[in-house]
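Here's a quick briefing to read alongside the sequence and the 3D view. Take a look at the structure first, then work through the points below.

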Amino acid sequence: MATEHTFCRICEALCGLEVDVDQGRIVDIRPDEDHVATRGFGCLKGLKQHKMYGSPDRLLHPETRSGTSWRRASWDEANASIGAEVARIRRDHGPDAIAMYVGTAAGFSVLHPVFAQGFMTGIGSASMYSSASQDCANKFAISREMYGFPFTLPFPDVRRTKCLVVLGANPVVSKWSFLQVPNPTKHLREITERGGKVWVVDPRRTETAKATGEHVFIRPDTDVFFLLSFLHELLALDRRGERRLDRERIDRFTTGFGELAAVASAWAPERTAEVTRIPAETLRSIVRDYAFADGAAMYSSTGLNMGRNGSLCYWLQETINAISGNLDRRGGTLVGRGAIDFPSFGKKTGTLLSNRRSRVGAFRAVNDAFPGGVLADEILTEGPKKVRALFVTGGNPLLTMPNAARLRRAFEHLELLVTIDIYKNETGSIAHWVLPATSPFQRPDLPFIFPLMLGLQSKPYLQATRPLVPPEGEQRDEATIYADLCRASGVSLFGSRIAQTMVEGLRRVAGPKLGSTGARGVPQEMLLSLLLRATRQGSFEALLEHRHGKLRDDHEERSFLGSRVLTDDGKVHLAPPALLEAASGKLEADFTQERENRRRLKLITKRAITTHNSWTHNLPEFVDKDRATNYLYVHPDDAREAGLAEGQAADVTSDTATVRVPVRFSKDLMPGTVALPHGWGHQHAAGLSVASKTQGVNVNLLAADGPDRIEKLSGMAHLTGIVVDVRPAAGPRDPTSWSGVSEG
Ligand code: SF4
């Protein structure tokens, strides 16, 4: 038995791991106590993931569906058939008729997204979709407006801050987003131990709120009004001379202060308290703690991103951090430097800065991808560029996208649906082809986006890992899969014959043998090494020597403003015209609607410690006994009013669907709020033998899609803070229906 060192690729914490391997199988995983950054931290999901990847449900061969039956196929047949269909659709309908959906799993690999993009560029298609429009596209869209590039993402200096305001985020369970910090509980507690303050503003008393700090309830999806009043009060402290803003710094490094202040002027805390339910004096206390701290940061995540105003919320958050002097300072928010200066590269080459608009709804691309919330319309609406083929790579849109029932009907109209995954999940179950990919432990890697390109790490470091176990059956890595699909479709990677020829040449001389066929795969380690050398980070082999990671220089304050802001004038734009336009009218309209809905229940989503999006429900010990379903969490007062008993089934109805789910009481919820964990509803996954027997329902059935129901600025789906009705169930639960409701 050998012990290897690697890192987890399930969530952004990227915990260092120590792994026991015996005869080609992983038998145990422990946190790496000596890791330079993660220092022995790891969670249940990360430490059990070998059971997930070692499941008998793993795809071993390409499979193709005819009606309801599946059969095994060879890679040659799969590539030839898919390539012929791609060539036909491209010839008859143009390249944009072929679309791709990139899921979160692809983001935890270096070569997967690169080769997937290479395939789409080779085809000449701009029809890219990604999971970002479900959880974070608002941040990219706003960063582009304010800082000139979507991946310029300031993060809180958690190790040094004296005041952290956490909005709509639960790092103790979900870890941080756009920031790699292991052991969130420890880091949050250290803030208070050094005399600082943590405020958690959330409709639920979350695990984070219980671990540390002071919790304040906020009515779901009213965060934009909280932030407007926060800004209003920050400006009032300045006006009264109690806490002066550094106007010289603001004038030197930003534009639009006056216009920003004008937006906030209408939103005194006394006014917004009516909808946020946060008393004006409580809000003022939070503002004062933030304003007088020697280094403060405001941080938010999916609770805001997935609301109706995710973009406006992130804009206001970033302006607050900027004008208070906390942007680009220790203890405030920092802008990391990756091993590659990706923002400058992107700005020079136009990477991720496309101004293309979607055919349906004319949404501007975010990170060169269109909103998933219009994908069903793009498939169902006749006309040039109608989507006819879809590649789904490392994702499961039928569980994670809004109005999943309508999306499923749309997918059934596709002429070609291909999933590249480790399992046949819900989306794969209705695909024409499923292609078996390798799992993280079967491939070499670097911790991709965060350290390498962006430096989004509390403690910067680099690490490399070899594959720990070989592929089984005919599983292949995505680089090889897309290189082959390019050739089979008659195109070249990135539309470059040089790139395709170079990859083919490297395969011939250095590629690993693929299964029993004698074919050779893409030499991934060699490509990763070339990437590291090109960015002056040494070789892959040299980095492997640092088994516990290799520390990089720490972040510097005052390294961003005036030097790395990529707007045309080099200043942070506090009041971009697109945001002012979006704010005018919409804020008042939303405020009025909030007042009208003040007695309605609002639904938020939630995550359990053993689940990660839609991924981890196929592990028996994570979904056994009473964990075999999700529950609707209801405050006892709301339950009484609705006539609901604990354990009873309830019908939850939005304006798109009704789902039936058992009730649990929770006093941790703000009255008027119900919570339903996401990632459930696997009953239709033909290839998930454990998850398909669970009883949970898909919360995203309750969310609306379509161009009029998603956020205009970033195309974000509205997945939390949805107005719903909840009643005792009107009949038995039917796990065979898509909604868990007996139909007809
Ligand atoms: S927190 Fe858990 S899932 Fe996330 S990287 Fe660490 S071990 Fe993996």
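**What surrounds helix 5**

Among the elements that cover the buried residues of helix 5 are helix 4 (132-135), helix 14 (302-305), helix 15 (310-323) and helix 26 (577-596), along with strand 13 (296-300) and strand 20 (572-573). Keep in mind that this is a predicted model.

**More on helix 5**

- Helix 5 covers residues 137-147, and 10 of its 11 residues are buried, so the rest of the structure largely encloses it.
- The buried ones are Ala137, Asn138, Lys139, Phe140, Ala141, Ile142, Ser143, Arg144, Met146 and Tyr147.
- Right after helix 5 comes Gly148, with a positive phi of about 95 degrees.

**The nonpolar cores**

- The largest nonpolar core is made of 181 residues, and Phe115, Phe226, Trp315, Ile323, Phe391 and Leu632 have the most contacts inside it.
- Helix 9 (residues 223-239) is the top contributor to this core, giving 10 residues.
- Apart from this core there's another one, of 22 residues, including Leu390, Val392, Leu398 and Val434.
- What does Phe391 touch? Leaving out residues up to four places away in sequence, its contacts are Ile82, Val86, Ile98, Ala99, Met100, Tyr101, Phe119, Leu416, Val418, Ile420 and Leu485.

**The ligand's spot**

- You'll find the ligand in the largest cavity.
- Around the ligand are Cys8, Ile10, Cys11, Ala13, Leu14, Cys15, Gly42, Cys43, Gly46 and Lys175.
- Sorted by class, that shell has seven nonpolar residues, two polar ones and one charged one.

Notes. Residues numbered from 1 in each chain as written. Predicted model: local features only at pLDDT ≥ 70, side-chain atom pairs only at ≥ 80, totals over all residues. Heavy atoms only, no water. Core = buried A, V, L, I, M, F, W, Y, C linked by side-chain atoms within 4.5 Å. Buried < 20%, exposed > 50% of the residue type's maximum accessible area, 1.4 Å probe, protein only. Helix = DSSP H or I, 4+ residues; strand = E, 2+ residues; numbered from the N terminus. Contact = heavy atoms within 4.5 Å. Near = heavy atom within 4 Å. 1 Å grid on protein atoms, 1.4 Å probe; cavity = no way out; pocket = protein on both sides within 12 Å on 5 of 7 lines; lining within 4 Å. Sits in = over half its atoms within 2 Å of the grid points. Nonpolar A, V, L, I, M, F, W, Y, C, P; charged D, E, K, R; others polar.
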